[in-house]
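Trainee: Could you take me through one part of this model up close? I'd like to look at the metal site and whatever rings turn up in the same chain.

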Amino acid sequence: MSEEDIDGFAPGARPICVFCNAPWTDDMITVYDIDASHGPGSYDVGPENQQATVDITCSTCKRLIYRKEYGSW
Ligand SMILES: [Zn+2]
């Protein structure tokens, strides 16, 4: 199994930054993947802190690409 299979992206099919077109780094994809596959239950937050935000910021241009807010759905 290749690294591309682990990431869930075929070679050349990684998401790119909408601002600078830089391919997402492994760290960025990891954050996104955790968010998509596990949801808020996987985050270690107390009952009084149900709201959390996951941000993915481009490693090249530092802009915010993706934000997921928990507790709003
Ligand atoms: Zn960028």
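Mentor: Let's start with the metal site and then go on to the rings.

Keep in mind that this is a predicted model, so everything below is computed from its atoms.

The zinc ion takes its protein donors from four cysteines: the SG atoms of C17, C20, C58 and C61, lying 2.3 Å from the metal. The geometry comes out as tetrahedral, with angles of 106 to 116 degrees among the four donor atoms. For reference, the ideal angle for four tetrahedral donors is 109.5 degrees. If you read the donor residues along the sequence, the spacing is C-x2-C-x37-C-x2-C. Now pick out C20 and C61: C20 belongs to the loop between α1 (3–7) and α2, while C61 belongs to the loop between β1 (53–57) and β2, so this pair ties together parts that are 41 residues apart in sequence. How open are these two to the outside? C20 is partly exposed at 31% relative accessibility, and C61 is also partly exposed, with a relative accessible area of 26%.

On to the rings. Searching the whole structure turns up two aromatic pairs. One of them joins W24 and Y32 edge-to-face, at 5.6 Å centre to centre and with 80 degrees between the planes. W24 counts as buried because its relative accessibility is 8%, under the 20% cut-off. Y32, on the other hand, has a relative accessible area of 30%, so Y32 is partly exposed.

Y32 also pairs with Y66, again edge-to-face, with 5.0 Å centre to centre and 75 degrees between the planes. This pair links distant parts of the chain: Y32 sits in helix α2 (residues 26–38) and Y66 in strand β2 (residues 64–69), 34 residues apart. Y66 is partly exposed, its relative accessible area being 23%. Put the ring pairs together and you get a cluster of W24, Y32 and Y66.

There's one more ring to check, and this one has a charge over it. The charged end of R63 sits over the ring of F19, 4.8 Å from the ring centre.

So if you want a short list to click through, begin with the four cysteine SG donors of the zinc ion, follow the ring cluster of W24, Y32 and Y66, and finish with R63 over F19.

Key
Residues are numbered from 1 along each chain as its sequence is written. This is a predicted model: local features need pLDDT of at least 70, side-chain atom pairs count only at pLDDT 80 or more; totals for chains, interfaces and linings use all residues. Side-chain values use heavy atoms; hydrogens and water are left out. Rings of Phe, Tyr and Trp (its six-membered ring) pair if their centres lie within 6.5 Å; planes under 30 degrees apart count as stacked, over 60 as edge-to-face and the rest as tilted. Buried means under 20% relative accessible area, exposed over 50%, partly exposed in between (1.4 Å probe, protein chains only). Helices (H or I, at least four residues) and strands (E, at least two) are DSSP runs, numbered from the N terminus. A charge sits over a ring if NZ of Lys or CZ of Arg is within 6 Å of the ring centre and within 35 degrees of the ring normal. Donors are N, O and S atoms within 2.8 Å of the metal (3.2 Å for Na, K and Ca); water is not among the atoms, so sites may look incomplete. Four donors count as tetrahedral if all angles lie between 85 and 135 degrees; four count as square planar and six as octahedral if opposite donors are over 155 degrees apart and all others between 65 and 115; anything else is irregular.
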